[in-house]
Amino acid sequence: MYGMLLESVQHFVQLEYGEFVWRQALLTTGCKNTVFNTHQLYPDNLIPDLAAALSAITGKPIDEFMIFFGRCFVRFFSNFGYDELIKATGRYFCDFLHSVDNIHLQMRFTYRKMKSPSMQLTEVDENGAVLVYRSTRTGFSKYLRGQLLEIAKQLYGMDVSIKVLESQNDTPGGTSGPISIQGGLKTVIVKYRLDFDNREYMQRRVHIKAHPSQLQLTPVNSKLLLNLFPFALILNEEMKITAVGEKMIESWMLNNGKRSPTELIGAKVTEHFKLRRPSGITFTWENIKRLQTVLFEIQLLKGSSAKGSKDVAKQSETTVSQVDTSSSTEDTAKIMTSIPRRGSQGLRSILLKGEMRYIKDINSLVFLCSPLINNLEELREMGLYLNDLNPHGLSREMVFSGFSHYSRLDLMCEREEQRAEELETSLALADSWKRQGDELLYSMIPRSIAERLREGQNPHETCQSFEEVTVLFAEVQETITGDDSIKYAMTTVNTLNAAFSAFDELIHSPMAYKVETVGKVYMAVSGAPDINPFHAQHMADLALDMLQSIRQLNLPGVGVKIGFHSGPIVAGIVGLKVPRYCLFGDTVNTASRMESSSETDCIQVSGYTAQKLKKLGYALSYRGKVAVKGKGDMETYWLQGPAPKKKSK
């Protein structure tokens, strides 16, 4: 499907349900697109999947969202002027219903890969109409209902009630019809009953009076009719070809070079032609007669096998009152015998477009058509020339216009596709930059606090107190010095980078959080910003792992002093230019003294923290009392080993 459908969904979901709900729906469906391009193609399953996701989020039925999506599309396409196209189809809602299939047909010139459904009215009365919908995609019948409701309300100012009379192969939430036994997709067929006030339309249709001049028409020879429409077909009630235009015969012979042209007259129309549109209906007298206002597309078959040649002379017996076909068969026979037979290899199939008109006086259908040709290249590929086209109308002018605009249109499409690719690349880069920015932000500020700031919370409101955490300081020690200060500084930088990188790999949230590094000192905390009741245990494990990692680096003359302490703190964001998550309180000062008064490759802990670790089974040895600035003498311990692991049963 084209991106315009998804643009309409995105716009109105964000408008009515909010940005958060829309992002949740995208996350649920696994859709990576945050922006949709109008002329870009996207998977058909996106709209049903989004309806299912929104249903799960809001608790509303999926069908309700599919109807909502259909309404959204009608509201949205008014921005492109397509509402004026619908209004121009006729004065009444019923005029639009008659022309909806033709609108889809015309839209294919703008949206060349559009897989449009087929819709025809089968019954019309004063209280409404019956509409038959055919498609190869399932799950979109509710979407159509939303479109019809919104078009009736917004463009025609009327309320319509819609109910389903019959439904075949329409699987809810699907995107493609079920597979038939013969292969291919089964057609989804849904018959709707539309109830609305249709009295004015019916009165105008039934009571219209013919002008007196129309009642005195003289008979028209079929030769004149077929000269005006050289590709026309006349079909009798048995759907057999009774007369054809001159150019149609020529085209048939170009595509059937080795067969007798007399086989065309009297043959079933389905032996030589294929009904392309309206899709999903059979080529029968009743169906064609009922669809008088619908544009038909019929393809001339190449090398088709007719059931046998027919005697042209039998067709000359047909007599009519208004359209005289007595001379058409003789002319047809002359045309057939005068045309040289040419091979059909390499010719493109001719697609004929026009209306099927029923002529009551002769009880026949006349297909008034012309080849569907966009430019001179297609004309050449079909083996036709400009003088073969209808002498009236704009067929020839459209071919010339198509020739001049085709290359321009292709260039515009290529540019649009290139812009779409560039946009996708830009979006991918933006996502990559966003991830990198997030990683950088989370290295400065805890993720939970960063998300609160993104939601608009004041940085001052992020300040909070913690009853008890464990704060650790680790200082890298170097015993090697040198006279060359620059060389010594480079060595120090490389040493600190190796040591701190090893420490960073040991930090696992929410067990511990790296606060900052200042010079040769590494600071970490457990229990903040995420509350952790096992903060002392996790910090002891981290300290032992840090000591082990320094030993594994095997850097000559390099060691580490570690100390930590437990207690209450206050934490919050400080600064605007380079905001940092900082800890404040006596606990931080005491933990710093535990590190500064420690020894190389040793871990010193306060007596308060040591009591906690003893209960957990950690190996500690009493160091004695240490003078701590501002605290006096404090009992401290050496942490020597981890707690014994519990044996699994």
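The exercises below concern the nonpolar core and the aromatic pairs of a predicted model.

Residues are numbered from 1 along each chain as its sequence is written. In this predicted model, local features need pLDDT of at least 70, side-chain atom pairs count only at pLDDT 80 or more, and totals for chains, interfaces and linings use all residues, while side-chain values use heavy atoms, leaving out hydrogens and water.

**Exercise 1.** Determine how many residues the largest nonpolar core has and which helix gives the most to it.

*Solution.* A nonpolar core is a set of buried Ala, Val, Leu, Ile, Met, Phe, Trp, Tyr and Cys residues joined through side-chain atoms within 4.5 Å. Buried means under 20% relative accessible area (1.4 Å probe, protein chains only). The largest such core has 63 residues, and Phe93 and Leu194 are among those with the most contacts inside it. Helix H4 (residues 62-77) gives the most, with ten residues; helices are DSSP runs of H or I, at least four residues, numbered from the N terminus.

**Exercise 2.** Classify the ring pair of Tyr92 and Tyr201.

*Solution.* Rings of Phe, Tyr and Trp (its six-membered ring) pair if their centres lie within 6.5 Å; planes under 30 degrees apart count as stacked, over 60 as edge-to-face and the rest as tilted. The centres of Tyr92 and Tyr201 are 6.0 Å apart and the planes stand at 75°, so the pair is edge-to-face. Tyr92 lies in the loop between helix H5 (82-87) and helix H6 (93-107), whereas Tyr201 belongs to helix H8 (residues 199-206), 109 residues apart. Tyr92 is buried, at 16% relative accessible area, and Tyr201 is buried, at 9%.

Note on methods
Buried < 20%, exposed > 50% of the residue type's maximum accessible area, 1.4 Å probe, protein only. Helix = DSSP H or I, 4+ residues; strand = E, 2+ residues; numbered from the N terminus.
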